[in-house]
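Let's walk through this model together, beginning at one residue and working outward to the whole chain. Keep the sequence and the 3D view side by side as you read.

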Amino acid sequence: MEERQEGKSRRKTRVGTVVSNKMDKTVVVRVERLVRHPVYKKYVRRKSTFKAHDEANACQIGDQVLVLESRPLSKDKHWVVLEILKRAAG
């Protein structure tokens with residue numbers, strides 16, 4: 001991992017859930033975040049999906065994973081699975 005002088009990484013990390021693992025060495029990760037609505041001040045759930053590189057094909061659907069931003073690995077894939085935080089039940 002690339003480190004700066006003060007110990008902070010420039011790369012973004014996200015925690016998300018694996019929604020697809022049908023591709024070879026690639027998983028689709030859904031990341032949810034809460035955003036406050038500008039007018040109504042209510043918190044709204046926003047979802048983003050990222051394709052992430054899974055070298056060992058270890059991720060299963062439903063796993064909670066930590067992904068790290070990386071250089072472009074393909075047309076759509078520029079995240080790498082760092083670790084599996086929680087396995088899917090069953």
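Ile61 counts as partly exposed, because its relative accessibility is 48%; the classes used here are buried for under 20% relative accessible area, exposed for over 50%, and partly exposed in between, with a 1.4 Å probe and protein chains only. You will find Ile61 in the loop between strand S3 (43-53) and strand S4 (64-69). Strands are DSSP runs of E with at least two residues, helices are runs of H or I with at least four, and both are numbered from the N terminus. Leaving aside residues up to four places away in sequence, Ile61 touches Val18, Val19, Ser20, Asn21 and Ala88, where a contact means heavy atoms within 4.5 Å. Lys22 is 39 residues from Ile61 in sequence, and their C-alpha atoms are 9.5 Å apart.

A word on what you are looking at: this is a predicted model, in which local features need pLDDT of at least 70 and side-chain atom pairs count only at pLDDT 80 or more, while totals for chains, interfaces and linings use all residues. Residues are numbered from 1 along each chain as its sequence is written, and side-chain values use heavy atoms, with hydrogens and water left out.

Now step back to the overall layout. The protein chain has 0 helices and 5 strands, so to read it from the N terminus is to read β-β-β-β-β. S2 and S3 run antiparallel and are joined by 11 bridges; two strands pair if DSSP finds at least two bridges between them. Within this pairing, Arg30 has Thr49 in S3 as its bridge partner. The hairpin of S2 and S3 has 6 residues between the strands, and there Lys41 takes a positive phi near 60°. S3 also pairs with S5, this time in the parallel sense and over 3 bridges. Here Ala52 stands opposite Trp79 in S5.

Trp79 is a good residue to click on next. Its relative accessibility is 4%, which means that Trp79 counts as buried. Not counting residues up to four places away in sequence, Trp79 touches a long list of residues, including Lys12, Arg14, Phe50, Ala52, Val67 and Leu73. What is the one aromatic pair that a search of the whole structure finds? The partners are Phe50 and Trp79, with ring centres 4.8 Å apart and planes at 40°, so the pair is tilted. Rings of Phe, Tyr and Trp (its six-membered ring) pair if their centres lie within 6.5 Å, and planes under 30 degrees apart count as stacked, over 60 as edge-to-face and the rest as tilted. Because Phe50 lies in strand S3 and Trp79 in strand S5, this pair ties together parts that are 29 residues apart in sequence.

Trp79 also belongs to the largest nonpolar core, which has 10 residues: Val18, Val27, Val29, Val31, Ala52, Cys59, Val65, Val67, Trp79 and Val81. Strand S2 (26-36), S4 and strand S5 (77-86) are the elements that give two or more residues to this core, and S2 gives the most, with 3 residues. A nonpolar core is a set of buried Ala, Val, Leu, Ile, Met, Phe, Trp, Tyr and Cys residues joined through side-chain atoms within 4.5 Å.

Charged side chains make their own links. The whole structure holds 4 salt bridges, each a side-chain nitrogen of Lys or Arg within 4 Å of a carboxyl oxygen of Asp or Glu. One of them joins Glu55 and Lys25, at 3.2 Å from N to O. Glu55 lies in the loop between S3 and S4 and Lys25 in the loop between strand S1 (13-20) and S2, so this pair ties together parts that are 30 residues apart in sequence. Another joins Glu32 and Arg45, at 3.5 Å from N to O. That pair links strand S2 to strand S3, with the two residues 13 apart; Glu32 is partly exposed at 42%, whereas Arg45 is exposed at 53%. Lys51 forms a salt bridge with Asp76, their closest N and O atoms being 3.2 Å apart.

Finally, consider the chain as a whole. Of its 90 residues, 22% count as buried. Along its principal axes, the C-alpha trace spans about 45 × 45 × 25 Å.
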